Amino acid sequence: SRYQAKLIYTYSGLFCVAINPYKRFPIYTGTTVKLYLGKRRTEVPPHLFAISDLAYRSMLTKGVCQSILVTGESGAGKTENTKKVISYFAMVGAREGAKTGNKVSLEDQIVQTNPILESFGNAKTARNDNSSRFGKFIRIHFNSGGKLAGCDIETYLLEKARITFQQEVERSYHIFYQMMEPAVPELKKKCLLSNDIYD
């Protein structure tokens, strides 16, 4: 009944358990962020933002680095939930005057790294159209006032065999298919690519 009511999060002790709904729910909006901002876990319904806010507040009050581990089986929603955590930190750690003119803010740069990582490290599998085929450790840096100061990402365990061989219903990394699209004129020519599979 929780799932049918679009309540995809629940707690089991210290853990926040998510059930992947395989569709988008409007539960990650700016209004939702404000609902969880500064609240105790027991004051609001279970949500990934409650865990994110607890880590953020603990970092600010205790002055100690915090970690969030996102884990699960293939197709469980690890990639999507990681993106939501990053978006939450980008919203609560946004700097005043971050958006000036045409310059892209640090917050936007951090959020926009995920599509690039997914192009080079995600692929279609039998169970998931956007399966991460690598691990990543994302470190988000804040200044002493709790504002975003930077980010670095370490990747590891890239599934290299996928480049040369895939199961019948699977594909290689997204980037190889994206390079063949006409979205960027002249890209195929610059990369010496053609539609001829024997080239």
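**Leu148, the main core and the α2–α3 crossing**

In this predicted model, Leu148 makes a good place to start: leaving aside residues up to four places away in sequence, Leu148 touches Phe89, Ala90, Gly93, Arg95, Leu106, Glu107, Ile110, Ile140, His141 and Phe142. Leu148 also shows up in the largest nonpolar core, a set of 21 residues in which Tyr36, Tyr88, Phe89, Val92 and Leu148 touch the most other members. Two or more residues of this core come from each of α1 (30-36), α2, α3 and α4 (106-111). Helix α3 puts in the largest share, with six residues.

Stepping back to the whole chain, the protein has seven helices and six strands. Read from the N terminus, the order is β-β-α-α-α-α-α-β-β-β-β-α-α. The C-alpha trace spans about 60 × 45 × 30 Å along its principal axes. Of the 199 residues, 29% count as buried. As for contacts with a separation of 6 or more, 48% of them are between residues 24 or more positions apart.

Helix α3 also takes part in a helix pair with α2. The axes of α2 (residues 48-62) and α3 (residues 78-92) come within 10 Å and cross at roughly 50 degrees. That angle is neither under 35 degrees nor in the 65 to 115 range, so α2 counts as oblique to α3. The crossing of α2 past α3 is right-handed. On the α2 side, the contact is made by Leu48, Phe49, Ser52, Asp53 and Tyr56, and these meet Asn81, Lys84, Val85, Tyr88, Phe89 and Val92 of α3. Sorted by type, the residues of this contact come out as seven nonpolar, two polar and two charged. Tyr88, Phe89 and Val92 turn up again here: they are among the residues of the α2–α3 contact, and they are also among the core residues that touch the most other members.

The loops add some long-range pairings. Ala76 sits in the loop between α2 and α3. With a relative accessible area of 24%, Ala76 is partly exposed. Its C-alpha lies 9.9 Å from that of Ser131, although Ala76 and Ser131 are 55 residues apart in sequence. Ser144, for its part, belongs to the loop between β5 (135-142) and β6 (148-156). Ser144 is exposed, and its relative accessible area is 81%. Some 8.3 Å separates the C-alpha atoms of Ser144 and Gly63, which are 81 residues apart along the chain.

Two other loop residues stand out for their backbone angles. As a rule, most residues other than glycine have a negative phi. Tyr22, however, has a positive phi, near 55 degrees. Tyr22 is found in the loop between β2 (15-18) and α1. This residue is exposed, at a relative accessible area of 62%. Leu157 is another non-glycine residue with a positive phi, in this case near 60 degrees. The loop that holds Leu157 runs between β6 and α6 (174-179). Leu157 has a relative accessible area of 71%, so this residue counts as exposed, the cut-off being over 50%.

Terms used. Residues are numbered from 1 along each chain as its sequence is written. This is a predicted model: local features need pLDDT of at least 70, side-chain atom pairs count only at pLDDT 80 or more; totals for chains, interfaces and linings use all residues. Side-chain values use heavy atoms; hydrogens and water are left out. Axes are lines fitted to C-alpha atoms, for helices over the stretch in contact, and angles run from 0 to 180 degrees between N-to-C directions. Helices (H or I, at least four residues) and strands (E, at least two) are DSSP runs, numbered from the N terminus. Angles under 35 degrees count as roughly parallel, over 145 as roughly antiparallel, 65 to 115 as roughly perpendicular and the rest as oblique. A crossing is left-handed if the near helix is turned anticlockwise from the far one by less than a right angle, and right-handed if clockwise. Contact means heavy atoms within 4.5 Å. Ala, Val, Leu, Ile, Met, Phe, Trp, Tyr, Cys and Pro count as nonpolar, Asp, Glu, Lys and Arg as charged, and the others, Gly among them, as polar. A nonpolar core is a set of buried Ala, Val, Leu, Ile, Met, Phe, Trp, Tyr and Cys residues joined through side-chain atoms within 4.5 Å. Buried means under 20% relative accessible area, exposed over 50%, partly exposed in between (1.4 Å probe, protein chains only).
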